[in-house]
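Let's take a walk through this structure, starting from a single side chain and working outwards. Have the viewer open and follow along.

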Amino acid sequence: MYDYDLENEDKELKKVGLELMFMTPEKCNSEKGVTAVELAKLVGLPLEVVKKKLNILKEAGLVRVIGIKPKYWKFDDYNFQRIDEDDDVYRLLCNFDDVDFDRFFQY
């Protein structure tokens, strides 16, 4: 299981998770979600790193996978609202101290 540590938080996991959390249908090329390749370009991380982080989020129940080739990834708001507040991944994604929300929203 994923282990959250505020001092050494997984910034890559947080980046991938928050990008998916705030992903709007307008930002996706498909209504099914976003591919790992598209997500890697959005967050500026190597594809293999993004795939590992997506699997962590999937194991936590926070993302859904649609399809096989290509796989589309989508944030699961329903499960996010029901996850235990002591869950390590939940705590990581809810730590907004260093988050630039201008990246996700246009005012």
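**Starting from Leu-54**

Click on Leu-54 and skip its neighbours within four places in sequence: what remains in contact with Leu-54 is Val-16, Leu-20, Ala-36, Leu-39, Val-63 and Trp-73. Keep in mind that you're looking at a predicted model. Leu-54 itself sits in helix α3, which covers residues 47-59. Is Leu-54 buried or exposed? Its relative accessible area is 0%, so Leu-54 counts as buried, the cut-off for that label being under 20%. If you'd like a distance to check, try Leu-54 and Val-65: they are 11 residues apart along the chain, and 9.5 Å separates their C-alpha atoms.

Two of those contacts, Val-16 and Leu-20, take us over to helix α1, residues 11-21. This helix is mostly covered, with 8 of its 11 residues buried. Which ones are they? The buried set in α1 is Leu-13, Lys-14, Val-16, Gly-17, Leu-18, Glu-19, Leu-20 and Met-21, so named because each has under 20% relative accessible area. As a reminder on helix geometry, an α-helix has 3.6 residues a turn, so residues three or four places apart point the same way. As for what does the covering, the elements over the buried residues of α1 include α2 (36-43), α3, β1, β2, α4 (77-82) and α5 (88-93).

Now zoom out. The protein chain has 5 helices and 2 strands, and reading along the sequence gives you α-α-α-β-β-α-α. Of its 107 residues, 44% are buried. Take the contacts between residues at least 6 apart in sequence: 60% of them join residues at least 24 apart. On the outside, the chain exposes about 7,000 Å², and 49% of that comes from carbon and sulfur atoms.

To finish, go to the loop between β1 (63-66) and β2 (72-75), where you'll find Lys-69. Pro-70 lies in the loop between β1 and β2 too. Look at the peptide bond joining Lys-69 and Pro-70: it is cis, with omega at about 0°. Why does Lys-69 count as exposed? Because its relative accessibility is 79%, and the exposed label applies over 50%. Lys-69 also belongs to a positive surface patch, which it forms with Lys-51, Lys-58 and Lys-71. Since α3 runs over residues 47-59, that's a good helix to keep on screen while you look at the patch.

Notes
Residues numbered from 1 in each chain as written. Predicted model: local features only at pLDDT ≥ 70, side-chain atom pairs only at ≥ 80, totals over all residues. Heavy atoms only, no water. Patch = residues over 30% accessible without salt bridge, like charges linked within 9 Å, V, L, I, M, F, W, Y side chains within 5 Å. Areas by Shrake-Rupley, 256 points an atom, 1.4 Å probe, with all protein chains shown as cover. Salt bridge = Lys/Arg side-chain N within 4 Å of Asp/Glu carboxyl O. Lys, Arg positive; Asp, Glu negative; His and termini not counted. Charge placed at Lys NZ, Arg CZ, Asp CG, Glu CD. Helix = DSSP H or I, 4+ residues; strand = E, 2+ residues; numbered from the N terminus. Buried < 20%, exposed > 50% of the residue type's maximum accessible area, 1.4 Å probe, protein only. Contact = heavy atoms within 4.5 Å.
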